[in-house]
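Here's a structure to poke at together. Let's ask how each label gets earned.

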Amino acid sequence: MSTRERFQQTMGDVRTAPAVELRGVSHLYGRRETAVRALDNVDVQFATGSWTAVMGPSGSGKSTLLHCAAGLERVTEGQVIIAGQDISAASDAELTELRRGPVGFVFQSFNLIASLTAAQNVAMPLRLAGRRPGRQEVHGALAAVGLADRARHRPRELSGGQQQRVAVARAMVTRPAVLFADEPTGALDTRAARSLLDLLRSMVDHNGQTIVMVTHDPAAAATADRVLFLRDGRLVDRLERPSARAVADLLASWDA
Ligand SMILES: Nc1ncnc2c1ncn2[C@@H]1O[C@H](COP(=O)(O)OP(=O)(O)OP(=O)(O)O)[C@@H](O)[C@H]1O
């Protein structure tokens, strides 16, 4: 194989490499007899430019999976590889760096700072990383979520759906390789939820964003490319390009 062919093959591998990979990941909370095995030997890959929904009963380990995959929680066993970097052995300082760069997080409760404007909230991750936020950068992130005209508004002057869009802009301003979302539509009404899901869909389709999202809502899960089902800390099922009906049927079959 020529050098050029080898180079092209390597570039192909880089492009098709998963954005996040969990290898044999287990996570225990507590110690000895009181320990809870929240994740049990999970192997999964999240392809670059794909959107995965994670579902399962309460306590099945969904948030733990998200937190371990994002480097917010250290795994007890196994490896987590984000953007080609094994973070399992990363130092606390390296994990902090990771949270300021390759990973973005959106929570159910928005978590915006009430006293700051939308633009100041979006600028916060850049400031925390020691950077002086550029006006274009911050306003570009707000414009991308359809809120260019709300930059000076404070969270209480925005609807729930708009606040969650600000949270998405804040997560995206550092251009993370992966956006993790924990019940992002959980506090929104049906219309605001739909609009947020459409925004996430277009980020995947038009920008090649990778998204991993925990949800209880079959309609939200059906907007993703793939749904993974967790039970007792194990991946027990998956659906590709699911309909809301298929997701709801599978959930119902577990309760039966
Ligand atoms: N900090 C903690 N200390 C001890 N046990 C914990 C802790 N966090 C979670 N657990 C336990 O780990 C298991 C998985 O919890 P996790 O929050 O990941 O579930 P989940 O599927 O996200 O649940 P829910 O849908 O209710 O949010 C549960 O049994 C839970 O009680």
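Q: By class, what makes up the shell around the ligand?
A: Quick heads-up: this is a predicted model. In it, the shell around the ligand has four nonpolar, seven polar and one charged residues.

Q: Which residues surround the ligand, and how do you know that they count as near?
A: The ligand is surrounded by Tyr29, Val36, Ala38, Pro57, Ser58, Gly59, Ser60, Gly61, Lys62, Ser63, Thr64 and His216. A residue counts as near if one of its heavy atoms lies within 4 Å of the molecule.

Q: What makes the pair between the ligand and the side chain of Ser58 a polar contact?
A: The cut-off is a pair of N or O atoms within 3.5 Å. An oxygen atom of the ligand sits 2.6 Å from an N or O atom in the Ser58 side chain, so that pair counts as a polar contact.

Q: Which distances do Gly59 and Ser60 have to an oxygen atom of the ligand?
A: For Gly59, a polar backbone atom is 2.9 Å from an oxygen atom of the ligand. For Ser60, the distance from a polar backbone atom to a ligand oxygen is 3.1 Å. As for cover, the protein hides 57% of the 640 Å² of accessible area that the ligand has on its own.

Q: Which elements give two or more residues to the shell around the ligand?
A: Those are strand S2 (36-47) and helix H2 (62-69). H2 gives the most, with three residues.

Now for the whole chain.

Q: How many helices and strands does the protein chain have, and why is it called as compact as a globular protein of its length?
A: The chain has nine helices and 10 strands. Its radius of gyration is 19 Å, and the globule rule gives 18 Å for 256 residues; the two values are close, so the chain is as compact as a globular protein of that length. Along its principal axes, the C-alpha trace spans about 55 × 50 × 40 Å. Buried residues make up 46% of the 256 residues.

Q: Which residues does the UniProt annotation "domain: ABC transporter" cover?
A: According to the UniProt record, an unreviewed entry, that annotation covers residues 20-251. Over residues 20-251 the chain is 35% helix and 27% strand, with the end C-alpha atoms 26 Å apart.

Next up, some single residues.

Q: Where does Pro125 lie, and is it buried or exposed?
A: Pro125 lies in helix H4 (residues 118-128). Its relative accessible area is 18%, and buried means under 20%, so Pro125 is buried. Pro125 and Val173 are 48 residues apart in sequence, yet their C-alpha atoms are 7.6 Å apart in space.

Q: Why is Met124 called partly exposed?
A: Met124 is in helix H4 too. Its relative accessibility is 23%, and partly exposed runs between the 20% and 50% cut-offs, so Met124 counts as partly exposed. The C-alpha atoms of Met124 and Ala171 are separated by 9.8 Å, although these residues are 47 apart along the chain.

Q: What makes Ser115 count as exposed?
A: Exposed means over 50%, and Ser115 has 53% relative accessibility, so it counts as exposed. You'll find Ser115 in the loop between S6 and H4. Ser115 and Phe46 are 69 residues apart in sequence and 36 Å apart in space, C-alpha to C-alpha.

Q: What is the phi of Phe110, and why does this residue count as buried?
A: Phi of Phe110 is near 65 degrees, a positive value in a residue other than glycine. Phe110 is in the loop between strand S6 (103-107) and H4. With 11% relative accessibility against a cut-off of under 20%, Phe110 counts as buried.

Q: What about Glu183: where is it, and is it buried or exposed?
A: Glu183 is in the loop between strand S7 (178-182) and helix H7 (190-207). It has a positive phi of about 50 degrees although it is not a glycine. Its relative accessible area is 11%, which is under 20%, so Glu183 is buried.

Q: How do you know whether Val212 is buried or exposed?
A: Set 2% relative accessible area against the cut-off of under 20%, and Val212 is buried. Val212 is found in strand S8 (residues 210-214). The C-alpha atoms of Val212 and Val54 are separated by 7.4 Å, with their positions 158 residues apart along the chain.

How values were computed: Residues numbered from 1 in each chain as written. Predicted model: local features only at pLDDT ≥ 70, side-chain atom pairs only at ≥ 80, totals over all residues. Heavy atoms only, no water. Polar contact = N/O pair within 3.5 Å; in protein donor to acceptor, adjacent residues only side chain to side chain. Areas by Shrake-Rupley, 256 points an atom, 1.4 Å probe, with all protein chains shown as cover. Helix = DSSP H or I, 4+ residues; strand = E, 2+ residues; numbered from the N terminus. Nonpolar A, V, L, I, M, F, W, Y, C, P; charged D, E, K, R; others polar. UniProt positions renumbered as here; feature names shortened; annotations may be inferred. Rg over C-alpha atoms; globule rule 2.2 N^0.38 Å. Buried < 20%, exposed > 50% of the residue type's maximum accessible area, 1.4 Å probe, protein only.
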